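Here is a short report on the empty spaces in a protein model. Look at the structure first, then follow the spaces one by one.

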Amino acid sequence: MRIATWNVNSVNARLPTVLEWLEAAKPDVVCFQEIKTVDDKFPREAFESLGYNVEVHGQKSYNGVALLSKHPVSDVRRGLPGSDGLAEGAEDQARYIEALIEAPRPVRVGGLYLPNGNPVGTEKFDYKLRWVARLNAHARDLLSQEEAFTLCGDYNVIPTPDDAKNPAAWTTDALFQPESRAAFRALKGLGLYEAGELGHQPPGSWTFWDYQAGAWQRDHGIRIDFHLLSPQAADRFVGVETHRDARDMDKPSDHVPVVIELAD
């Protein structure tokens, strides 16, 4: 089973590019982030025509996540538990979607768009840390069920200096703050396995290049899109691919897809 994560940076604005990549890469399951549309404006039919079941947790103009699967899905969750005191599903930022993929060997897939958190020292950074704390609590609950799962998406964290071409350029950014990096380490410390490490991806396997200042042309990238696997999923791990070429497609996202393969 091939499972992809991709921050598409507006699914409707980049639909031809997204469809072209899907037809070439043929993932079985896809998690999109930053779809930037409400549910009823999501181009469902275009993906259904490629054989995908579609689940959406959208938001007007910002955020929004979606999950596509060529297998049936069940137990769909929209939003993390513990929504900052709100009722479940009532939070105003659509950042998490999860479903059980009913393949011959099932796997649970959670697709996430972790808050950016900039500027540091504001409520946005506090919200980022609260959100990842809720993700940590949910991951602990999932681990207690002892099933195969991946939590994949745009984590908006640069975990180490090796995950940036130019670390010095990010020292004041929320993505590279000690608190952000510690929160990511805490997630892994629960017993999750990062696919890039499992697959021994080479240095420079960036997943994001800013549109500004010629970042793509100068290869000033960072690695912020990840799959974190449960031990049961790690046991089925075959490999991981970072589809760098997607950044050079027509009307590209500033992120590229990261695809893992799990044994059936």
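In this predicted model, strand β10 gives the largest share of the lining of the largest cavity, with three residues. β10 covers residues 225-229, and β11 covers 237-242. These are the elements that give two or more residues to that lining. The full lining is made up of Glu-194, Gly-196, Gln-201, Ser-205, Thr-207, Arg-223, Asp-225, Phe-226, His-227, Val-240, Thr-242 and Val-258. By class, three are nonpolar, six are polar and three are charged.

How many cavities of 30 Å³ or more does the structure hold? There are two. The second largest cavity is lined by Leu-114, Lys-128, Leu-129, Val-132, Val-157, Ser-180, Ala-183 and Phe-184. Helices α3 (123-144) and α4 (178-189) each supply at least two of these residues. Six residues of this lining are nonpolar, one is polar and one is charged.

Now for the pockets. The table sets out the volumes of cavities and pockets.

| Space | Volume |
|---|---|
| Largest cavity | about 40 Å³ |
| Second largest cavity | about 30 Å³ |
| Largest pocket | about 450 Å³ |
| Second largest pocket | about 320 Å³ |

Take the largest pocket, with about 450 Å³ of space. It is lined by 22 residues. Which of them are the closest to its centre? They are Tyr-113, Pro-115, Asn-116, Gly-117 and Asn-156. Helix α3 provides the largest share of this lining, three residues. Eight lining residues are nonpolar, six are polar and eight are charged. Recall that α3 also supplies at least two residues to the second largest cavity.

The second largest pocket has 18 lining residues. Thr-160, Asp-162, Asp-163, Glu-197 and Arg-223 lie nearest its centre. Arg-223 appears in the lining of the largest cavity too. Which helix gives the most to the lining of this pocket? The answer is α4, with three residues. Both α4 and α5 (195-198) supply at least two residues here. The lining divides into five nonpolar, six polar and seven charged residues.

Helix α4 thus comes up twice. It supplies at least two residues to the second largest cavity, and it gives the most to the lining of the second largest pocket.

Definitions and conventions:
Residues are numbered from 1 along each chain as its sequence is written. This is a predicted model: local features need pLDDT of at least 70, side-chain atom pairs count only at pLDDT 80 or more; totals for chains, interfaces and linings use all residues. Side-chain values use heavy atoms; hydrogens and water are left out. On a 1 Å grid over the protein atoms alone, a cavity is a set of points where a 1.4 Å probe fits but cannot get out, and a pocket is an open set with protein on both sides within 12 Å along at least five of seven lines; lining residues have an atom within 4 Å of a point. Grid points are joined across faces, edges and corners, and a volume is the space filled by probe spheres set on the points. Helices (H or I, at least four residues) and strands (E, at least two) are DSSP runs, numbered from the N terminus. Ala, Val, Leu, Ile, Met, Phe, Trp, Tyr, Cys and Pro count as nonpolar, Asp, Glu, Lys and Arg as charged, and the others, Gly among them, as polar.
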